[in-house]
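Hi,

Here is the structure I promised to send over. Have a look at it first, and then read my notes below.

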Amino acid sequence: SGGMVSDLVTDYIQYVVLAFGLLLVCWLAARSVGWGHVFSEVARLKGEAGLNPLVAEGAFGPAYMGWMAFLGLISCAVWPTSVARALAAENEGVVRAMYRWSSIGFLTRFLMPYFLGCCAFVFVMEAPDLKAAFFPPAGGPPPLSNLYALPVFFARTVPAGILGILMAAMLAALMSTYDSYFLTWSSVITQDVVGPLAGPRFGAAARIRLTRILMVAIGAYLVYWGLIYHGREDIWDYMAVSGAIYFTGAFAVLVGGLYWKRASSTGAVLAILSGCSAVLGLSPVQDRLGVAWPSAHVGLATIALSCAVMVAGSLAFPDSAPARGRVRA
């Protein structure tokens with residue numbers, strides 16, 4: 001638990017830097033574009049879909065919002081980086097307080113980027129050169145990726161010194177995410193995958209050594225992904241779809257194992273494997289198959305498939321009575 005305690009302390013310090021930087025930048029953005037002007041222009045340029053994510057004709061719609069609601073719930077219930085912190089807590093009261101107070105931070109870190117994105121959109125639309133670059137006329141040059149809109153907005157509106165504070169805040173957020181992920185995923189692979197397969201001969205020294213090796217391997221993979229992978233989906237959608245490979249099956253296993261007496265180990269294994277179908281939501285996979293399915297639809301379909309497979313597998317291959325008894329014990 002020492003590594004997790006140091007991780008929590010580090011995350012807290014980095015979060016203070018991140019919160020200060022984001023609040024300062026949000027104030028500067030609102031002053032530059034105009035608080036009321038941001039929302040009125042978004043509504044004028046995008047219509048109702050600009051401010052109402054449930055409008056089906058917009059960029060999101062009910063299916064996407066349902067997918068995001070499930071993602072927010074499941075990230076607290078089965079996502080290892082969240083669960084590891086809960087498991088390292090002293091008691092249930094600490095866990096409840098941690099989720100209650102951290103929910104404020106989670107809400108804030110979602111709302112602030114949304115607001116900054118709206119400011120960047122309005123700024124781009126009101127600057128002729130930027131509008132021509134991001135929204136060129138038909139037959140003109142290819143448009144710039146919308147991922148550049150926010151950096152360009154910051155470069156033109158945020159003073160250099162404050163921009164440095166913002167970069168420090170972004171690096172703090174990056175470090176806060178990576179240290180949790182490195183520690184959690186390397187521990188999960190060591191303790192929950194390699195440990196049970198290796199048996200009693202896999203001692204503490206070997207576990208620590210493997211955990212360190214896996215941290216380096218995960219870091220190398222992140223470098224590879226950042227330099228080589230070229231997907232069309234936004235980063236958040238990519239994280240949601242790739243994470244669904246794990247958490248859709250884990251959701252079916254968790255719900256079935258806790259609330260359904262007839263759930264079996266075979267059904268659980270099949271539900272976990274069916275979560276792999278979430279890769280159909282990634283653009284390189286869809287390119288090879290020649291399809292264009294919205295990632296939210298693929299995610300929701302994967303949830304339904306995992307639950308259906310969990311039920312069908314449990315009914316077709318039930319555990320023996322002694323096996324179920326050992327699980328309950």
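Let me start with a side chain on the outside: Arg44 counts as exposed because its relative accessibility is 57%. For that label, exposed means over 50% relative accessible area, buried means under 20%, and partly exposed is anything in between, with a 1.4 Å probe and protein chains only.

Before going further, some housekeeping. This is a predicted model, so local features need pLDDT of at least 70 and side-chain atom pairs count only at pLDDT 80 or more, while totals for chains, interfaces and linings use all residues. Residues are numbered from 1 along each chain as its sequence is written, and side-chain values use heavy atoms, with hydrogens and water left out.

**The overall picture**

The protein chain has 14 helices and zero strands. Here helices (H or I, at least four residues) and strands (E, at least two) are DSSP runs, numbered from the N terminus. The C-alpha trace spans about 70 × 45 × 40 Å along its principal axes. Of the 329 residues in the chain, 32% count as buried.

**Salt bridges**

Back to Arg44, which has a partner. Side chains of opposite charge can pair when their charged atoms come close. The cut-off used for a salt bridge is a side-chain nitrogen of Lys or Arg within 4 Å of a carboxyl oxygen of Asp or Glu. How many salt bridges does the structure hold? There are three, and I'll take them in order.

Arg44 pairs with Glu41, with 2.8 Å between the closest N and O atoms. Both residues sit in helix H2 (residues 35-46), three residues apart, which is about one turn of the helix. Unlike exposed Arg44, Glu41 counts as buried, because its relative accessibility is 11%.

The second salt bridge joins the side chains of Arg96 and Glu92, again at 2.8 Å from N to O. These two are four residues apart in helix H5 (residues 92-126), so about one helical turn separates them. Arg96 is exposed, with a relative accessible area of 53%, and Glu92 is exposed with a relative accessible area of 53% as well.

The third is between Asp129 and Arg156, whose closest N and O atoms are 2.8 Å apart. This pair links distant parts of the chain: Asp129 is in helix H6 (residues 128-134) and Arg156 in helix H7 (residues 149-157), 27 residues apart. Asp129 is partly exposed at 43% relative accessible area, and Arg156 is partly exposed too, at 46% relative accessibility.

**How some of the helices cross**

Two packed helices are described by the angle between their axes and the distance between the axes. The axes are lines fitted to C-alpha atoms, for helices over the stretch in contact, and angles run from 0 to 180 degrees between N-to-C directions.

H2 and H5, which you met above, have axes that come within 9 Å and cross at roughly 70°. H2 and H5 are therefore roughly perpendicular to each other. On the scale used, 65 to 115 degrees counts as roughly perpendicular, under 35 as roughly parallel, over 145 as roughly antiparallel and the rest as oblique. H2 passes H5 in a left-handed crossing, a term for the near helix being turned anticlockwise from the far one by less than a right angle (clockwise would be right-handed).

The axes of helix H3 (residues 62-77) and helix H13 (residues 295-316) also come within 9 Å, and they cross at roughly 55°. That makes H3 oblique to H13. H3 passes H13 in a left-handed crossing.

**More on H5**

Two other residues of H5 are worth a click. Gly105 is found in H5 and counts as buried at 12% relative accessibility. Gly105 and Ala19 are 86 residues apart in sequence but 9.0 Å apart in space, C-alpha to C-alpha. Glu126 is also found in H5 and is partly exposed, with a relative accessible area of 44%. From Glu126 to Val33 the C-alpha distance is 9.8 Å, with their positions 93 residues apart in sequence.

**A patch on the surface**

Finally, Tyr221, Val223, Tyr224, Leu227 and Ile228 form a nonpolar surface patch with about 550 Å² of accessible area together. Patches are made of residues with over 30% relative accessible area and no salt bridge, joining like charges within 9 Å and nonpolar side chains (Val, Leu, Ile, Met, Phe, Trp, Tyr) within 5 Å. The areas come from the Shrake-Rupley method with a 1.4 Å probe, and for residues only the protein chains shown count as cover. Of this group, Tyr221 lies in helix H9 (residues 204-228) and counts as partly exposed at 46% relative accessibility.

Cheers
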